[in-house]
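Subject: Structure for you to look over

Dear colleague,

I am passing on the structure we spoke about, with the sequence alongside. Please open it first, and then read the notes below with the model in view.

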Amino acid sequence: MQDGLNFFSKITPKKTLNAANVLGSYYVSKWTKKPVQWGMPMSVSIEPTTACNLRCPECPSGLRQFTRETGNLKEDFFKTTIDQLADHLLYLTFYFQGEPYINPKFLEMVNYASCKGIYTATSTNAHFLNEENAKKTVESGLDRLIISIDGTTQQTYESYRIGGELEKVIEGTKNIIKWKKKLKSKTPHVIFQFLVVRPNEHQIEDVKKLGKELGVDEVKFKTAQIYDHENGNDLIPTIEKYSRYRKNGNGKYAIKNQMLNHCWKLWHSCVITWDGLVVPCCFDKDATHRLGDLKERNFKEIWFNGNYARFRSAVLKSRKEIDICKNCSEGTKVWT
């Protein structure tokens with residue numbers, strides 16, 4: 001309840017009008033099969049860094065498989081970008097690839113966006129939430145902190161979070177909760193996010209209990225995107241509710257959702273990489289579909305340019321032919 005009230009407190013008449021324009025243009029595009037865009041993005045993901053301390057098996061950052069360069073978002077560049085977006089932006093995700101806290105200026109950038117009246121969220125593996133960083137996180141004005149905790153024992157946790165230490169995750173969580181109380185802060189809203197895979201699915205109830213014991217605000221369960229899923233994979237859960245994939249009659253696995261020829265994400269949001277590339281969504285992890293470069297043009301020019309129109313048109317025509325859409329379980333519904 002408190003998190004929702006906090007989010008709605010950041011809504012302004014200008015942001016409301018922009019949201020109505022975005023929603024209207026999405027439905028007109030969906031019905032006519034012709035891309036139109038009347039508003040600026042309501043939600044943006046900005047990548048603080050591509051570096052990570054862990055080596056998770058389904059993560060290009062963890063596997064060191066990027067063809068694009070590794071680096072950290074620069075504070076001055078971030079401020080310039082946010083200044084272009086702030087009047088219309090409702091939600092800012094400080095995450096794409098990598099571990100955000102590796103960027104030494106991360107919390108300063110969170111504070112800048114927070115002071116602009118933007119709802120801010122990030123996702124972390126919590127290995128850097130020492131006393132100092134936990135205190136600075138609460139003071140930064142961060143609204144939502146998602147902590148990835150994919151196991152309640154070290155053995156289970158490290159089977160996916162390779163190189164990670166569960167004790168550090170628990171300690172970091174305790175530090176955040178402690179500083180929220182000390183500073184009498186209602187933020188950040190702390191979420192335990194449990195990525196359900198076969199090795200940890202037996203600990204679903206355990207993580208609920210652990211979250212309650214530590215005092216987190218929510219425990220959420222996320223389905224795993226698995227690249228090599230067609231012939232089955234040891235990470236695909238046996239509990240169908242938590243799997244993005246189902247076995248077909250031919251014994252092959254396929255993603256559950258229909259490949260519908262529309263995508264809400266392309267109208268209301270985008271991703272900006274640490275070095276200023278604008279890409280369609282979080283499924284373009286290697287930034288192969290580059291719709292513009294903020295080092296060369298301002299955001300508004302990119303958002304309304306021909307590259308964006310052509311990509312939206314391609315989605316409206318045949319989404320299944322776009323590589324990053326083939327393993328996508330998101331984007332087709334409004335407000336997902």
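T122 belongs to strand 3, and in this predicted model T122 is buried, with a relative accessible area of 1%. Its side chain comes to 2.7 Å from the backbone oxygen of F94. Once neighbours within four places in sequence are set aside, the residues in contact with T122 are F94, Y95, P100, F106, L142, R144, L145 and I146. One of these, L145, is also the bridge partner of T122 in strand 4.

The strand that holds T122 deserves a description of its own. Six of the six residues of strand 3 are buried, so this strand is largely enclosed by the rest of the structure. The cover extends to both faces, since Y119, A121 and S123 are buried on one side, and T120, T122 and T124 are buried on the other. Strand 3 is joined to strand 2 (residues 91-93) by three bridges in the parallel sense, and within that pairing T93 has A121 as its bridge partner. Strand 3 also runs parallel to strand 4 (residues 144-148), to which four bridges join it. Both connections are right-handed β-α-β units: strand 2 leads through helix 4 (residues 106-115) to strand 3, and strand 3 leads through helix 5 to strand 4.

These pairings are part of an open sheet of nine strands with mixed pairing, whose order is 6-5-4-3-2-1-9-10-11. Strand 6 and strand 11 (292-293) stand at the edges and have a single partner strand each, so one side of each is left without a neighbour in the sheet. At one of these edges, strand 5 and strand 6 (residues 218-223) pair in the parallel sense over six bridges, with Q193 opposite K220 of strand 6, and the two strands form a right-handed β-α-β unit together with helix 8 (residues 204-214). At the other edge, strand 10 (residues 277-279) and strand 11 run antiparallel and are joined by two bridges, where V278 stands opposite G292 of strand 11.

Some backbone details may be worth checking by eye. Most residues other than glycine have a negative phi, and most peptide bonds are trans. Against that background, the peptide bond from T187 to P188 is cis, with omega near 0°, and P188 sits in the loop between helix 7 (166-182) and strand 5 (189-196). K33, which is not a glycine, has a positive phi near 65°; K33 lies in the loop between helix 2 (13-32) and strand 1 (43-46), where K33 is partly exposed at a relative accessible area of 42%. A126 is likewise not a glycine and has a positive phi of about 70°. The loop that contains A126 runs between strand 3 (119-124) and helix 5 (131-140), and A126 is buried, with a relative accessible area of 1%.

Towards the start of the chain, N6 lies in helix 1 (residues 2-8) and is buried, with a relative accessible area of 14%. Residues up to four places away in sequence not counted, N6 touches Y119, D143 and T187; of these, Y119 is among the buried residues of strand 3, and T187 takes part in the cis peptide bond to P188. N6 and T70, on the other hand, are 64 residues apart in sequence and lie 34 Å apart in space, taken C-alpha to C-alpha.

As for the chain as a whole, its secondary structure comes to eleven helices and eleven strands. The radius of gyration is 20 Å, close to the 20 Å that the globule rule gives for 336 residues, so the chain is as compact as a globular protein of that length. Along the principal axes, the C-alpha atoms fill a box of roughly 55 × 50 × 40 Å. Of the 336 residues, 54% count as buried, and the accessible surface comes to about 15600 Å², with 51% of that area belonging to carbon and sulfur atoms. Among contacts with a separation of 6 or more, 68% are between residues 24 or more positions apart.

With best wishes

Note on methods. Residues are numbered from 1 along each chain as its sequence is written. This is a predicted model: local features need pLDDT of at least 70, side-chain atom pairs count only at pLDDT 80 or more; totals for chains, interfaces and linings use all residues. Side-chain values use heavy atoms; hydrogens and water are left out. Buried means under 20% relative accessible area, exposed over 50%, partly exposed in between (1.4 Å probe, protein chains only). Two strands pair if DSSP finds at least two bridges between them. A crossover is right-handed if, with the strands pointing away from the viewer, the path from the first strand over the helix to the second runs clockwise. A polar contact is a pair of N or O atoms within 3.5 Å; within protein, one must be able to donate a hydrogen and the other to accept it, and residues adjacent in sequence count only if both atoms are side-chain atoms. Contact means heavy atoms within 4.5 Å. The radius of gyration is taken over C-alpha atoms; the globule rule is 2.2 Å times the number of residues to the power 0.38. Accessible areas come from the Shrake-Rupley method with a 1.4 Å probe; for residues, only the protein chains shown count as cover.
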